[in-house]
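Here are some exercises to work through with the model open. Try each task before you read its solution.

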Amino acid sequence: MRIKEAAAARLKQLGVELRQGASLADETSLGIGGTTDELLLRNYETIPEVMRLLADEKIPHRFLGGGTNVLIADGELPWVILHLPTAHPGMRVEGNTAYVDASADLGGMVTFCAKRDLGGMEGLIGVPGSVGGALRMNAGAYGTQIGPHVREVELYRAASGNIETLRGDDIRFDYRHTSFAPDDVMLRVKLELPSKPFKEILAGIKVCNEKRRSSQPLNQKSAGCIFKNPAGGSAGRMIDELGLKGHRVGDAMVSDRHANFFVNTGKASCSDMLKLIEDVRERVRSAYGVELENEVIVWRN
Ligand code: EPU
């Protein structure tokens, strides 16, 4: 979607930078996604005004964070993309409390806190993406989830048009699911973390990194796990047992390293990837009677 000149001029007055015709394939870990205009916000405080302007001008929009858990449609997209400022995300520690901007890199936050002797998030070290994305999905790995550490989240609520603060206790964090509204935009988080010597945290981080390296295709284009694990089961194991590693649609392929990772081996399109997802879902349904639910977020046009 292209922003008209008049709207672009109004956005510029709010300090919003316009990037025309951006390719989202360059901004997602899957390397898949069409083209659209992008808006780069200067600070969080202008969000309500920018959102009012977009509503006024009837410009559909979506916020993109780290782009590591999303499968985006091909071609010219019917919405513009908004980006929070990412240049110098705020990170600060006071006692056992960490204050972090949502645009910060998740791994960067884990390391920042570790260097200040705050642990508890070792398992999250290799999870790619932003802190905001991790909050929205309640990212987790190796027995750690971000949710239990959250004390407060500052967010833009489309429903009220305001920036609000939610208490951790008022947010539900489930397995790869939270009670945030789909159009809530994460801005900042306050976390409470246990004290732990840096050296001990580092040892934990090393173990997780090794486990991840030995089981996941880290040097290939993917969005991590495609499906959530069904209650009491493992999507990766089921897909593997069906002999589907290496199964492909065009350049979209079930990883031969971890069967719940689908990789883009070249120029896979969104429709290739969607077809592969549906093929595998169908194979698992007919073999096991289990309906796998997407873990990856799909943005169709
Ligand atoms: N397995 C196979 N074949 C495979 C893959 C896995 O047999 O191709 C078996 C493993 O041997 C193991 C079991 O399935 O016995 C579980 O595998 P793994 O330990 O790799 O964990 P997972 O359940 O597949 C989950 C998360 C990952 C997270 C890891 C580590 C989900 C959907 N996935 O994977 O998260 O990194 O545990 O904690 O919950 C993600 O969210 O994108 C993601 C990758």
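**Exercise 1.** Which residue does Val150 stand opposite in β14?

*Solution.* A word on the ground rules before we start. This is a predicted model, so local features need pLDDT of at least 70 and side-chain atom pairs count only at pLDDT 80 or more, while totals for chains, interfaces and linings use all residues. Numbering runs from 1 along each chain as its sequence is written, and side-chain values use heavy atoms, with hydrogens and water left out.

Step one: find the strands, which are DSSP runs of E at least two residues long, numbered from the N terminus (helices are runs of H or I, at least four residues). Step two: look at β10 (residues 150-157), which pairs with β14 in the antiparallel sense over 6 bridges. Pairing here takes at least two bridges found by DSSP between the two strands. Step three: read across from Val150, and you land on Leu191.

Now try the other partner of β14. Strand β7 (residues 97-101) pairs with β14 (residues 185-192), again antiparallel, over 5 bridges. Here Tyr99 sits opposite Lys190.

**Exercise 2.** Work out the strand order of the open sheet that contains β16, and name its edges.

*Solution.* Start in the middle: 3 bridges tie β16 (residues 252-254) to β17, and the two run antiparallel. One of the partners to check is Val254, whose bridge partner in β17 is Phe262. Put the 3 strands together and the order reads β15-β16-β17, with antiparallel pairing. The edges are β15 (248-249) and β17 (262-264), each pairing on one side only.

**Exercise 3.** Is Asp37 buried or exposed, and what does its side chain hold on to?

*Solution.* First, place it: Asp37 is in strand β2 (residues 35-40). Next, check the accessibility, where buried is under 20% relative accessible area, exposed is over 50% and partly exposed is in between (1.4 Å probe, protein chains only). Asp37 comes out at 0%, so it counts as buried.

Then look for polar contacts: N or O atoms within 3.5 Å, where within protein one must be able to donate a hydrogen and the other to accept it, and residues adjacent in sequence count only if both atoms are side-chain atoms. The Asp37 side chain has a polar atom 2.8 Å from the backbone nitrogen of Ile3, and the backbone nitrogen of Gly21 is likewise 2.8 Å from a polar atom of that side chain. Finally, widen the view to contacts (heavy atoms within 4.5 Å). Beyond four places in sequence, Asp37 touches residues including Leu18, Val80 and Ile81.

**Exercise 4.** Why is Cys225 in no disulfide?

*Solution.* A disulfide is called when two cysteine sulfur atoms lie within 2.5 Å. Searching the whole structure turns up 0 of them. For Cys225, the closest cysteine sulfur belongs to Cys208 and is 15 Å away, so it is too far for a bond. Cys270 is unbonded too, its nearest cysteine sulfur being that of Cys225 at 19 Å. As for accessibility, Cys225 is partly exposed at 26%, whereas Cys270 is buried at 4%.

**Exercise 5.** Which side chains have an N or O atom by an oxygen of the ligand?

*Solution.* Go through the distances: Arg176 at 2.8 Å, Gln216 at 3.1 Å and Ser234 at 3.1 Å. The protein covers 73% of the 820 Å² of accessible area that the ligand has on its own (Shrake-Rupley method, 1.4 Å probe; for residues, only the protein chains shown count as cover).
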